[in-house]
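Visitor: I should like to understand how the terms used for this fold are justified. Could you take me through them?

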Amino acid sequence: MSELVVTRTVHINAHRSAVWAAITEPALISEWFGDTAVFDLRVGGTGAMGWNEWGEFHIVVEEIDQPSAFAFRWARVKDADPTPSNSTLVRFTLADKDGGTQLTVLETGWEQYDGDVATGMKENTEGWVEELDELVAFLEKQDSA
Amino acid sequence: MIEDLVAVFAALSEQTRWDILTRLGSRELSASALAAELPVSRQAIAKHLIALAEVGLVEAVPTGREIRYRALGARLSRVAMELDRIGSEWDARLSRIKLVAERS
């Protein structure tokens with residue numbers, strides 16, 4: 001059922017340092033994310049992920065806790081600096097598991113997309129996710145009834 | 001896609017609208033009937049109903065002399081599907097990260 005969080009996990013048969021490199025080094029990021037990645041790897045560092053087809057999307061590094069957590073905010077609007085209203089937060093966490101690495105990604109911040117949303121939403125953020133879940137569940141039940 | 005989500009989230013950003021949707025989920029009601037159940041004026045209810053209808057969360061059902069409203073689940077399911085789709089993009093990216101990391 002939906003939550004306003006997107007999360008996925010993958011098991012990787014590689015040492016954590018290799019996974020850390022894959023998700024933080026621009027040259028490696030461009031192999032799995034966009035076509036280009038250029039940014040300053042420090043908290044507050046800025047840059048952009050580029051897609052030949054879509055253009056450049058600015059990012060800001062939010063967290064570096066090597067080799068456990070890495071987070072950046074990325075604007076989902078072309079050529080704009082990330083703000084809460086135009087971006088989401090992508091956070092990776094890494095853990096040793098079964099001789100390899102468990103990598104989890106969490107993408108959040110869907111509620112704040114737009115100034116108007118933010119005002120009402122911030123007051124209601126607690127419980128919002130659960131509420132949406134419950135609402136979807138019961139509306140689907142109504143639908144099939 | 002994003003504009004789509006924004007519109008739905010914006011429409012749901014007020015507690016009153018949740019309250020309205022919750023009540024409409026159990027049965028069709030007119031704006032007057034909703035105003036009788038909620039601590040909000042009929043005019044305010046009418047505005048909320050318009051906002052909810054604009055993003056497809058409720059629809060008007062003319063019933064005799066009054067207009068009743070019913071909740072629509074399909075639209076919220078759509079939000080769930082969009083988030084699933086974004087999750088699928090991450091599945092694909094994580095698979096590629098796995099390739100990059102395991103190669104080294």
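The questions below concern the strands and one helix of a predicted model.

Visitor: What makes S5 and S6 of chain A a pair?

Guide: Pairing requires at least two bridges between two strands. Strand S5 (residues 69-75) and strand S6 (residues 87-97) of chain A are joined by seven bridges in the antiparallel sense, so they meet the criterion. Within this pairing, A:Arg73 stands opposite A:Leu89 of S6(A).

Visitor: How do you know that S2 and S3 of chain A pair?

Guide: The same reasoning serves here. S2(A) and strand S3 (residues 46-51) of chain A have four bridges, again antiparallel; the criterion is at least two, and therefore they count as paired. A:Ala37 has A:Met49 in S3(A) as its bridge partner.

Visitor: Which strand pairs with S6(A) over nine bridges, and what lies between the two?

Guide: The partner is strand S7 (residues 100-108) of chain A, in the antiparallel sense. A:Phe92 is bridged to A:Val105 in S7(A). The two strands form a hairpin with two residues between them, and A:Asp98 in the turn has a positive phi of about 45°.

Visitor: Why are S1 and S2 of chain A called edge strands?

Guide: The sheet is open, with seven strands in the order S1-S7-S6-S5-S4-S3-S2 of chain A and antiparallel pairing. Strand S1 (6-12) and strand S2 (36-39) each pair on one side only. Neighbouring strands of this sheet are turned by 20° against each other on average, direction ignored.

Visitor: Where does helix H1 of chain A lie?

Guide: Helix H1 (residues 16-24) lies across S1, S5, S6 and S7 of chain A and runs at about 165° to S6(A).

How values were computed:
Residues are numbered from 1 along each chain as its sequence is written. Chains are lettered from A and ligands numbered from 1 in the order in which they are written. This is a predicted model: local features need pLDDT of at least 70, side-chain atom pairs count only at pLDDT 80 or more; totals for chains, interfaces and linings use all residues. Axes are lines fitted to C-alpha atoms, for helices over the stretch in contact, and angles run from 0 to 180 degrees between N-to-C directions. Two residues are in contact if their C-beta atoms, placed from the backbone, lie within 7 Å.
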